[in-house]
Amino acid sequence: MTIGLTHYLVVAAVMFVTGLFTMMTKRNAIGILIGVELVLNAATVNFVAFDRYLGPDRLDGQITAIFVIVLAAAEAALAVGICINVYKNLSTVDVDRANSLRG
Amino acid sequence: MEFAQSTAWDGIAVGEHLFAFSPMIALTVTMLAIVACPLLIGRGARTIGSVTVLGVFFALILCFRVGGVVADGGLSGLSTSPAEGILLVDNLSIGFQILLLVFLAGVILLWWAGSSETEKNAPEFFILLVGSALGMAMMVSTANLLMMVIAMETASLPSFALVGFDKTSRRGAEASLKYMIFGAVCAAIMLYGVSLIYGLVGSLSVPVIATYTVDQFMGGGNKLLLTVGLLCVFAGIAFKVSAVPFHFWCPDAFEGAKIEVTTWLSVVSKAAALVMLVRVLTFFSAAIPNAFAMSLLDPIVWTVAIVATVTMTLGNFAAYRQESVKRMLAYSSIAHAGYMLSAAAVLLHPSVAGSESPITALLGYVVVYLFMNLGAFGTVALVGWDTGSDRLDAFTGLIRRAPLLAIPMVMCLMSLVGLPVFAGFVAKWWVLVSLGKMGGTVGWVLAVVVVSNTLFSLYYYMRIVVKMTLKDDGQTPLRASPMGVGLVNICAIVLMVLFFAADPFRHMTERYSKNLVTASTLSSADAITVADSSPTATDPTAIERGGN
């Protein structure tokens with residue numbers, strides 16, 4: 001059996017669903033961010049796989065993948081900074097405990 | 001536009017194209033100048049503020065110059081084929097950038113009124129502020145999904161940091177956490193949707209995607225995956241617009257943030273996403289071959305209309321029971337996003353498709369909304385800085401304590417309701433007229449919803465007015481900075497002027513909503529070539545074949 005596009009898409013879909021599940025069930029902000037990273041990487045796998053299998057002269061997907069990696073890094077850096085700030089102020093990064101703003 | 005139709009690299013007038021994007025380049029240079037300023041001149045807050053204002057005015061002048069160049073038709077930048085242009089410039093994007101820069105200057109003036117020379121972290125604050133402005137400027141000047149994602153993130157990431165800018169504030173920390181998590185989740189889902197669309201269509205260019213979508217819906221191809229992808233992309237845009245059900249971040253982030261930041265985000269971050277949505281919808285309606293096929297897009301029209309209805313109703317009903325004026329105005333901004341969305345719903349209808357009247361209505365609404373929100377939030381800021389509270393009680397007897405603040409505040413609130421003599425009425429009227437022109441079930445239902453929501457919103461805006469004018473519990477007179485008072489009064493006067501000069505105002509707005517870059521000006525031949533050059537991708541069975 002050769003490894004084809006479908007295999008990559010299935011891996012990406014599994015990553016997407018895992019990430020989505022993580023984002024919905026985790027109460028810890030860092031946990032939610034790990035879910036976000038999974039979804040972003042699922043998109044990256046999709047982009048690269050589509051480029052490889054759907055045409056030899058395609059480059060858009062590869063370029064997009066690089067942009068997504070940079071985007072994920074920037075987002076992670078900022079998110080962890082915000083989490084540190086939250087921890088300093090609230091002594092927790094549990095999103096359910098951050099509940100002073102409501103109504 | 002001889003340079004827009006060039007066919008080879010050596011045919012591109014690179015200088016002309018770079019000039020078209022010069023307002024964005026000016027904003028980038030401003031950011032660099034803010035970095036350099038502490039090293040060369042000094043770290044004083046006012047110094048940095050002056051540098052930023054200078055940069056913004058420079059960008060504004062460039063905007064007007066570019067506006068003259070693209071008046072007769074936009075151009076798509078630095079690419080041999082216009083359909084592949086990553087960034088584009090046309091009247092709409094220039095018009096929005098002018099608004100953005102005027103508003104940025106207004107927000108900096110508001111900051112100026114409440115700051116001191118010794119304020120720390122001013123360079124960081126202004127870099128983040130100008131950075132998010134740059135992102136919003138890019139959001140409105142693109143028809144490429146990759147660029148849309150990057151622009152949205154460029155606008156979002158500094159906004160997350162701005163909301164939590166005050167490191168000692170618990171509420172700020174919590175607000176930025178919620179905003180950031182919600183934003184990151186929506187961006188990730190949007191990107192996954194983009195990857196699905198890219199796999200199906202083989203291009204990231206919105207005109208090509210629109211053509212492909214219409215073909216699929218007419219021919220009956222692989223619709224499920226395409227629908228999922230498009231829904232993911234619209235979810236990302238809806239997050240920025242704060243449309244229901246993606247609005248949860250909005251009141252929390254706006255209440256926890258510093259008031260200048262709240263003012264900034266409440267208008268432009270939503271408006272930028274709305275203009276982006278308008279651009280996407282314009283491409284979709286341009287891709288429709290005939291009026292018969294128009295009904296294919298009915299699901300999209302209904303979706304936008306339902307989201308608009310729910311958004312404005314929920315915003316108004318939630319605003320009604322708030323005790324914090326800041327939070328009340330945050331919910332009111334959700335409601336106004338709903339009013340603007342209802343203008344966007346009109347875009348895809350056959351009777352108005354191709355005409356610029358809904359775009360004019362939306363752009364006019366943004367102009368008016370900008371001034372009334374700047375005035376209202378400015379008053380909340382000045383009251384908050386003096387009393388340390390943004391509760392409704394802090395406004396009691398404001399007409400005696402600070403008449404020069406209370407009167408413009410009343411005018412701004414009347415305008416937010418949409419009562420005559422103020423420009424809010426003109427803005428709502430234009431939206432209603434374009435809904436009426438559209439007619440049909442959707443149009444009339446939306447018009448009724450807008451009117452009844454307006455009547456309902458009268459109640460909670462009036463609560464503030466009554467508290468300010470009719471009640472008095474003997475609080476001490478307010479000390480407000482003259483600059484802030486001046487800013488608020490100017491906003492109120494502009495609102496009246498725009499009402500009495502509605503005709504010139506209409507002409508101005510129309511000038512910036514016509515001759516847009518559409519699929520036809522993006523040379524439809526090019527768009528088709530791009531789609532045809534990858535036959536495997538446009539074939540719905542391509543994925544299955546690739547797997548074997």
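1. B:Arg327 is buried in this predicted model, because its relative accessible area, 3%, falls under the 20% limit. Its side chain meets that of B:Asp252 in a salt bridge, with N and O 3.1 Å apart. B:Arg327 sits in helix α13 (residues 325–346) of chain B and B:Asp252 in helix α10 of chain B, so the pair ties together parts 75 residues apart in sequence.

2. B:Asp252 has a second partner, B:Lys178, and the closest N and O atoms of this salt bridge are 3.3 Å apart. This pair also links distant parts of the chain: B:Asp252 belongs to helix α10 (residues 249–256) and B:Lys178 to helix α7 of chain B, 74 residues away. B:Asp252 is buried, with a relative accessible area of 9%. B:Lys178, at 22% relative accessibility, counts as partly exposed.

3. The structure holds 13 salt bridges over all chains. The side chains of B:Arg463 and B:Glu323 form one of them, at 2.9 Å from N to O. B:Arg463 is in helix α18 (residues 440–469) of chain B, while B:Glu323 is in the loop between α12 (298–319) and α13 of chain B, so parts 140 residues apart in sequence are tied together. B:Glu323 counts as partly exposed, at 37% relative accessibility. Shared partners also join B:Arg171, B:Glu174, B:Lys178, B:Asp252, B:Glu255 and B:Arg327 into one salt-bridge network.

4. How many salt bridges cross the interface of chain A and chain B? The rule finds zero there. Five residue pairs are in polar contact between the two chains, counting pairs with both residues at pLDDT 80 or more. On the chain A side, α1 (5–25), α2 (29–53) and α3 (60–90) each supply at least two residues that touch chain B. Helix α3(A) gives the most, with 16 residues.

5. The two chains bury about 4,000 Å² between them, and 71% of that area is on carbon and sulfur atoms. In terms of contacts, 46 residues of chain A meet 49 residues of chain B. B:Leu177 is one residue with contacts across the chains: leaving aside neighbours within four places in sequence, B:Leu177 is in contact with A:Ala29, A:Ile82, A:Cys83, A:Val86 and A:Val95.

6. B:Leu177 also figures in the largest nonpolar core, which has 245 residues. The members that touch the most other members are B:Leu129, B:Met139, B:Leu145, B:Leu177, B:Trp264 and B:Phe395. Helix α7 (residues 170–201) of chain B contributes the largest share of this core, 20 residues.

7. Helix α6 (residues 145–163) of chain B has the span expected of it: at 1.5 Å a residue its 19 residues should cover 27 Å, and its end C-alpha atoms are 27 Å apart. Of those 19 residues, 18 are buried, so α6(B) is largely enclosed by the rest of the structure. At its start, a side-chain oxygen of B:Asn144 comes within 2.9 Å of the backbone nitrogen of B:Leu146.

8. Is B:Ser269, in helix α11 (residues 259–286) of chain B, buried or exposed? B:Ser269 counts as buried, because its relative accessibility is 1%. A polar atom of its side chain lies 3.0 Å from the backbone oxygen of B:Leu265. Not counting residues up to four places away in sequence, B:Ser269 touches B:Met136, B:Lys240 and B:Trp264. B:Ser269 and B:Ala155 are 114 residues apart in sequence, with their C-alpha atoms 7.7 Å apart in space.

Terms used: Residues numbered from 1 in each chain as written. Chains lettered and ligands numbered in written order. Predicted model: local features only at pLDDT ≥ 70, side-chain atom pairs only at ≥ 80, totals over all residues. Heavy atoms only, no water. Helix = DSSP H or I, 4+ residues; strand = E, 2+ residues; numbered from the N terminus. Expected span 1.5 Å × (residues − 1). Buried < 20%, exposed > 50% of the residue type's maximum accessible area, 1.4 Å probe, protein only. Polar contact = N/O pair within 3.5 Å; in protein donor to acceptor, adjacent residues only side chain to side chain. Core = buried A, V, L, I, M, F, W, Y, C linked by side-chain atoms within 4.5 Å. Contact = heavy atoms within 4.5 Å. Buried area = accessible area lost by both parts, 1.4 Å probe. Salt bridge = Lys/Arg side-chain N within 4 Å of Asp/Glu carboxyl O.
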